[in-house]
Amino acid sequence: MKFVCDGLTLSEAVTKASKACAVRTTAPIMECIKITAKNDEVKFLATDGELSIQKIVKAEVFDEGEVCIPGKLFADFMGKLSGEEVCISTGERGVEIRYGESNSYMQQLNAEEFPQINLEIGENYFVLKQKDLKKIIGETVFCCAQDDSRPVLKGCLMEFNEKLEMTALDGYRLALSTAPIVSKGTVESIICPARTLGEISRMLQDDDGEITLYTQGGMLMVSIEGMVIVSRLYQGEFIRKENVLPREFNTVVKLDRNELALSVERAAILIRGDKNNLVTLDIHNGLVRISSVSEIGNVTESVKAETDGKDIVISMNAKYLLDSLRALDEENIILSFNGPVAPFILQNAEKKDSVYLILPVRNAA
């Protein structure tokens, strides 16, 4: 195998594919990128068994062939090269990387040992505008669980009705957002890994261009501009949002999102590193008092608000509150409560296409 390609193009392709390389595995081939040179293009393919990424670039191919090379190392090495032309070839010493007057060698593995990846998924589909899909991913994926105790919660539930409804939760908070669907097949719902959605989001443009995602046999596939992502979907019972989201509230507060966020950010500084990372909201007489207490010191600030209902003092994880405030995008927001130990929600004041639920923490102090 031998081909020549622009260094910057090559580096970008390898970096994108390497995101799917396995880490801490007993099978070295899973840590590799498979390189296939044929006709006038080169394919870079990586997989960790759950997520697969392929990137195709144009190149001048002298000898067709395929080889596997350690993915992360190759990506790091290519990232240190400038935009000059790079020649990649195979030989007895391994994969040769020639650039300018220099050359280096890297270990190569047999491409026949690389897992077979089905890139022809297309039984069912759904179509959204790229900006809508990018927005809904950004509004939900941060609420997915990080641990493996309930693997299904490491993904987002995507339900396709008149709109796409995407739900994420980790046991302490929930995010629900909606986006319009351009068209769809018979797909009703899937659970897509958060990691996959993050990689898809990086592919998308913030415009009205459309993107088609395909599903088949518990797999998801999306392709755009020479890049293909294939992912396993999670199987299992997802917690029903209807059983979690409150419908009535005893206290409703309307206030400036930015003012609240800045106050919580300042209050969070002094509790950084504390186990529960708690901030407290004391709501009464048209004010929301934000406070935090630690061994280092304490913060107390007040933000004007429109309040309706009972006075309330409630504590919660500062990070969870800030994540939700940053995901909302209107000047004014609504916070709705049912008491100091009941879950509360946050929404934009006008366009309520997303909602965030947070479990409070009982403050022993």
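These notes cover strand pairing and one helix contact in a predicted model.

1. Start with the open sheet. Five strands make it up, and reading across gives the order β5-β1-β7-β8-β9. The pairing in this sheet is antiparallel.

2. The edges of this sheet are β5, residues 60-63, and β9, residues 102-106. Each of these two strands has a pairing partner on one side only.

3. On average, neighbouring strands in the sheet are turned by 20 degrees against each other, with direction ignored.

4. Helix α1, residues 7-18, packs on this sheet. The strands that α1 touches are β1 (2-6) and β7 (85-91). The direction of α1 makes about 100 degrees with that of β1.

5. At the β9 edge, the neighbour is β8, residues 94-99, and five bridges hold the antiparallel pairing of β8 with β9. To find the register, look at E96, whose bridge partner in β9 is Y105.

6. Further along the chain, β22 spans residues 298-309. Strand β19, residues 251-256, pairs with β22 in the antiparallel sense over five bridges. Within this pairing, K254 has E306 of β22 as its bridge partner.

7. Strand β22 also pairs with β21, residues 287-293; these two run antiparallel and are joined by seven bridges. Here R289 stands opposite S302 of β22. The connection from β21 to β22 is a hairpin through four residues.

8. One general point helps when viewing any of these strands. In a regular strand, side chains alternate between the two faces of the sheet.

How values were computed:
Residues numbered from 1 in each chain as written. Predicted model: local features only at pLDDT ≥ 70, side-chain atom pairs only at ≥ 80, totals over all residues. Heavy atoms only, no water. Pairing = 2+ DSSP bridges. Axes fitted to C-alpha atoms, helices over the stretch in contact; angles between N-to-C directions. Contact = heavy atoms within 4.5 Å.
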